[in-house]
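User: Could you take a close look at one part of this model for me, and set it within the chain it belongs to? I am in my first year, so please explain each term as you use it.

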Amino acid sequence: MWHGPLEKITDYKFRIPKSYQPGMRVDGIIYADEKLLQGIKKDKAPQQVANVAFLPGIVNNSFAMPDIHWGYGFPIGGVAATDPDNGGVISPGGVGFDINCGIRLVKTNLEEKDVKDRVTNLINSLYQKIPSGVGSKGELRISKEEEKRLLVNGAGWAVRKGLGVDADLEFCAEGGAIDGADPDSVSDRAYERGKHQAGTLGSGNHFVEVQVIENIFDREAAEKLGLFIGQITVMIHTGSRGFGYQVCDDYVRIMVQCLSKYGINLPDRQLACAPINSPEAKRYIGAMRAAANYAWANRQVLTHRVRESFERVFDKSWQTLGMDLIYDVAHNIAKFEKHVVNGKEKMLCIHRKGATRAFGPGHPDLPLKYQEIGQPVIIPGDMGTASYLLLGTEQAKETFYSTCHGAGRVKSRHEALRTVNLETLITELNNKGIQVRATGKKTIVEEAPSAYKNIDDVVDVVHKAGLSKKVCRIRPLCVLKG
Amino acid sequence: MKEYEFIEHTADIGIRVYGKSLEDLFKNAANALFDIILDYPSKQLKQKQITLGADTVEDLFVIWLNELISCFFADKFLPADYSIKIEDSSQRKQLRASLCGQDFDPYENKINTEVKAATYHNVKIEKSEKGYKVEVIFDV
């Protein structure tokens, strides 16, 4: 329970002043409304916002999005920018173990009436095509040399294997592969874990979901995105699997030892970090980018499997079905981006741990198609409610163009297992017209809608705070979980 | 004396571990970890040696658990029993462990939970008359 200060700045913005604890270099800022704030105060997430404010070289504020919840080190929903020219650090804990956990949205030209009688076929086909569940193993067999190429080329590696088209890369953040990946900074253990899992969904909150657009808030933007009410879309949520977990573990171990080496004092060792210009940080950045590219390759392979599933069920090519990528964006990553600080443009290291980059209109890193409207921001909700497509705004420069990443948990997995009955849950979902398939039944219960905040509340806050704007609300039809 | 119990954590899995000695604490935490990962009686078919060093006993504890996670998911080794020796009197804390276990492929066999890692978050080993106690959060 949080008993520290939370000063109201606006209806959607609250401050933990840096005077709260000696050692905080900047204020903590939490985006929420009074309703969400009551839940946020119940766990240790606000203290984690304060802890992040201790990072050397942190710029402006330690931010938290309205889906914030208790993580380890950083809160989930945390954003921190550090300045390499001012002693700024990079913290593997500010990225997380699932490096480039992220989400992509694929559209179709199908309507709800076209799929209504084929939802069961679709979910069965997806279940057959997509390896999912704990320890899942992909169909791809890759040697270490091949894995190195994957780590450098990301989604492009998959496209060159025939698992996608060039247009897919245009609509991935970073073109589906971030520059500067260094396969030589990756341990043998990470390679070993990675070789089994390219093209796998995993478990936990990862999913593939077939959905229908049920509400449009911004008709003009939706038209430019080629979206309409009743349209079928597919959302894919996964990351870098065991490869990323091992990279993070390898480097947190190293960075914990950097704390004494570089004289850094932090309230939580999971925030372990090193100055961006140090050799340890440079190696981490190379390995972290390799893991990010692994995740982009993974989501590209899964996209291909999704397209194959639709082709099988509808007996048409995916191109005929209009299954183009709307966008793919990471929500666990550290990236170097140019931002204006005190009137000067600076290259900063932006940590987003459970937060989504959300560039506004005109940003040079956006594809030409989105220059006018801003970056598509994909926000998955729980499997029984809805997801959202938002667009980035210019106002989000106050959070280094960052917004929320999902609904955010309120119940622990154990509490969900204690309080949710599997049969009742499946009946409730079926009554809403939602079918669920999972390798592990436990996963379905752990991921029950009641374990999450209300996605409408979370998205309303970022919309009203101006961090991104609502385009459409998308309802699930069938969900493949791990 | 119970070996461990679960504690609430919003996103992940937390455990509170008890031990009569530091070695006992480390062993009980390892047992808890593999209870979370899978339900499988490991056989003592082969041995593996682990040597680790850290600045603090807490760091050593987290590194130990992460080493076991990597041994399982990367080296595909499932331990069944542990003989642990911890040297914590000098400035650099050291662990030497001999593990008995078996080869186990987590990608071919059923497991229950894919534990990503043990975290350093709020790890504090407490010593009292009854023995040792620590809480640790696993990212799952």
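Analyst: What follows starts from the whole of chain A and then turns to its nonpolar core. This is a predicted model, in which local features need pLDDT of at least 70 and side-chain atom pairs count only at pLDDT 80 or more, while totals for chains, interfaces and linings use all residues. Residues are numbered from 1 along each chain as its sequence is written, chains are lettered from A in the order in which they are written, and side-chain values use heavy atoms, with hydrogens and water left out.

Chain A holds 15 helices and 19 strands, which are DSSP runs (H or I over at least four residues for helices, E over at least two for strands) numbered from the N terminus. Of its 482 residues, 67% are buried, meaning under 20% relative accessible area with a 1.4 Å probe, counting protein chains only.

The largest nonpolar core has 223 residues, and among those touching the most other members are A:Ile90, A:Phe310 and B:Trp64; such a core is a set of buried Ala, Val, Leu, Ile, Met, Phe, Trp, Tyr and Cys residues joined through side-chain atoms within 4.5 Å. Helix α11 of chain A, residues 279-314, gives the most to this core, with 17 residues.

Leaving aside neighbours within four places in sequence, A:Phe310 is in contact (heavy atoms within 4.5 Å) with residues including A:Thr108, A:Leu122, A:Ile232 and A:Met323. Across chain A, 76% of the contacts between residues at least 6 apart in sequence join residues at least 24 apart.

Terms used
Buried < 20%, exposed > 50% of the residue type's maximum accessible area, 1.4 Å probe, protein only.
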